[in-house]
Amino acid sequence: MPGSPTALDELRAALSDWYAANRRDLPWRRTSDPYAILVSEVMLQQTQVARVVPRFEAWLERWPTVASLAAAPRGAVLGAWVGLGYNARALRLHAACALVAREGWPTTVAGLGALPGVGPYTAAAVASFAFGEAVAAVDVNVARVAARLGAGTPQELLPAGAAADFNQAMMELGATTCRARSAACADCPLEAWCASAGRVEVPARAPSGAGRPRFEETNRWVRGRIVAALAAGDELPREIPPERLAPALDELVREGQVTRHRRGLSLG
Ligand code: SF4
């Protein structure tokens with residue numbers, strides 16, 4: 001930890017000032033609506049910010065409230081998720097909103113963490129951004145910044161009464177300045193307190209794609225093509241050989257993403 005409570009306060013103030021001056025204007029940062037924040041966090045779990053922004057805005061326009069999403073057919077929800085990948089996220093988000101529409105919002109980390117598809121990080125993010133709970137939201141970026149700082153855990157660094165801004169600032173620093181593969185210490189507001197300043201060793205990058213199949217060779221790609229075709233009202237893609245198509249389709253049916261009818265297939 002920094003040497004004294006005063007130093008810790010100075011660190012927090014430096015981070016807060018830096019965030020105020022450098023924060024990216026992202027749509028989910030303009031709201032404290034738990035539904036909008038949950039949607040953004042689920043989308044951001046495995047999709048990059050730039051791709052999420054337009055999809056988030058379109059989603060909120062189509063389903064502006066938790067009740068509207070809860071009432072939507074599963075097939076429509078899956079169709080609107082096409083292109084974001086990892087479709088199971090959409091079904092879990094839908095299930096979480098159905099539960100909230102029936103029972104109301106849990107307002108604590110523990111309650112939020114019991115919702116379908118909401119893990120510890122997402123629960124903490126919603127609890128702090130929407131409900132003001134004094135809890136650190138620790139994603140990989142925040143964990144990395146705290147580890148490099150060597151100045152305490154994110155929860156120990158958290159200022160009283162300003163959890164939401166602190167969490168956003170730590171995430172922003174990890175996403176833009178103290179990155180996994182580069183640390184711009186000279187531009188960092190925490191340099192004066194950081195145990196790793198100027199000494200970050202970036203691990204060597206594995207040769208790109210080495211040993212990994214191309215995306216088009218993966219089962220994920222086949223599943224994505226099936227869902228996209230059904231969402232568009234098209235037939236199943238004919239260029240995919242049946243020995244790849246059939247098992248992927250069986251999986252989607254088992255997971256509840258696709259339903260078989262006598263006259264064909266549908267999403268949800
Ligand atoms: S000084 Fe460097 S290593 Fe430390 S938090 Fe800032 S960017 Fe990361």
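Start at the ligand and select the shell of residues around it: eleven are nonpolar, two polar and two charged. That shell holds 15 residues in total. To see the closest ones, pick Cys178, Cys185, Cys188, Cys194 and Ala197 and show their side chains. Keep in mind while you look around that this is a predicted model.

Now zoom out to the whole chain. You should count 13 helices and two strands. Line up the C-alpha trace with its principal axes and the spans come to about 70 × 50 × 25 Å. If you colour by burial, 34% of the 268 residues count as buried. A contact map is worth a glance too: among contacts with a separation of 6 or more, 59% join residues 24 or more positions apart.

Next, colour by domain. Select 5-193 for domain 1 and 215-267 for domain 2. Drop a pseudoatom at the C-alpha centre of each domain, and the two centres sit 32 Å apart. Where they touch, domain 1 puts in eight residues and domain 2 puts in nine.

Stay on the domain 1 side of that contact. Which helices should you highlight, as each supplying at least two residues there? Go for α5 (74-81) and α6 (88-103). Of these, α5 gives three residues, the largest share of this side. Switch to colouring by residue class and the side of domain 1 that touches domain 2 shows four nonpolar and four polar residues, with no charged ones.

Last stop: the largest nonpolar core, a set of 71 residues. Which members touch the most others? Select Ile37, Val39, Ala124, Val126 and Ala127. Then highlight helix α8 (residues 120-131), the top contributor to this core with eight residues. Keep the domain colours on here, because domain 1 (5-193) and domain 2 (215-267) both give residues to the core, so the core lies between them. As background, nonpolar side chains in soluble globular proteins tend to be buried together.

To finish, centre the view on Ala124, one of those well-connected core members. Leaving aside residues up to four places away in sequence, what does Ala124 touch? Bring up Val109, Val135, Ala136, Ala137 and Val138, and you have its partners on screen.

Terms used: Residues are numbered from 1 along each chain as its sequence is written. This is a predicted model: local features need pLDDT of at least 70, side-chain atom pairs count only at pLDDT 80 or more; totals for chains, interfaces and linings use all residues. A nonpolar core is a set of buried Ala, Val, Leu, Ile, Met, Phe, Trp, Tyr and Cys residues joined through C-beta atoms within 7 Å. A residue is buried if 20 or more other C-beta atoms lie within 10 Å of its own, exposed if 12 or fewer, and partly exposed in between; C-beta atoms are placed from the backbone. Helices (H or I, at least four residues) and strands (E, at least two) are DSSP runs, numbered from the N terminus. Domain bounds come from an automatic or database domain assignment. Two residues are in contact if their C-beta atoms, placed from the backbone, lie within 7 Å. A residue is near a molecule or strand if its C-beta atom, placed from the backbone, lies within 6 Å of it. Ala, Val, Leu, Ile, Met, Phe, Trp, Tyr, Cys and Pro count as nonpolar, Asp, Glu, Lys and Arg as charged, and the others, Gly among them, as polar.
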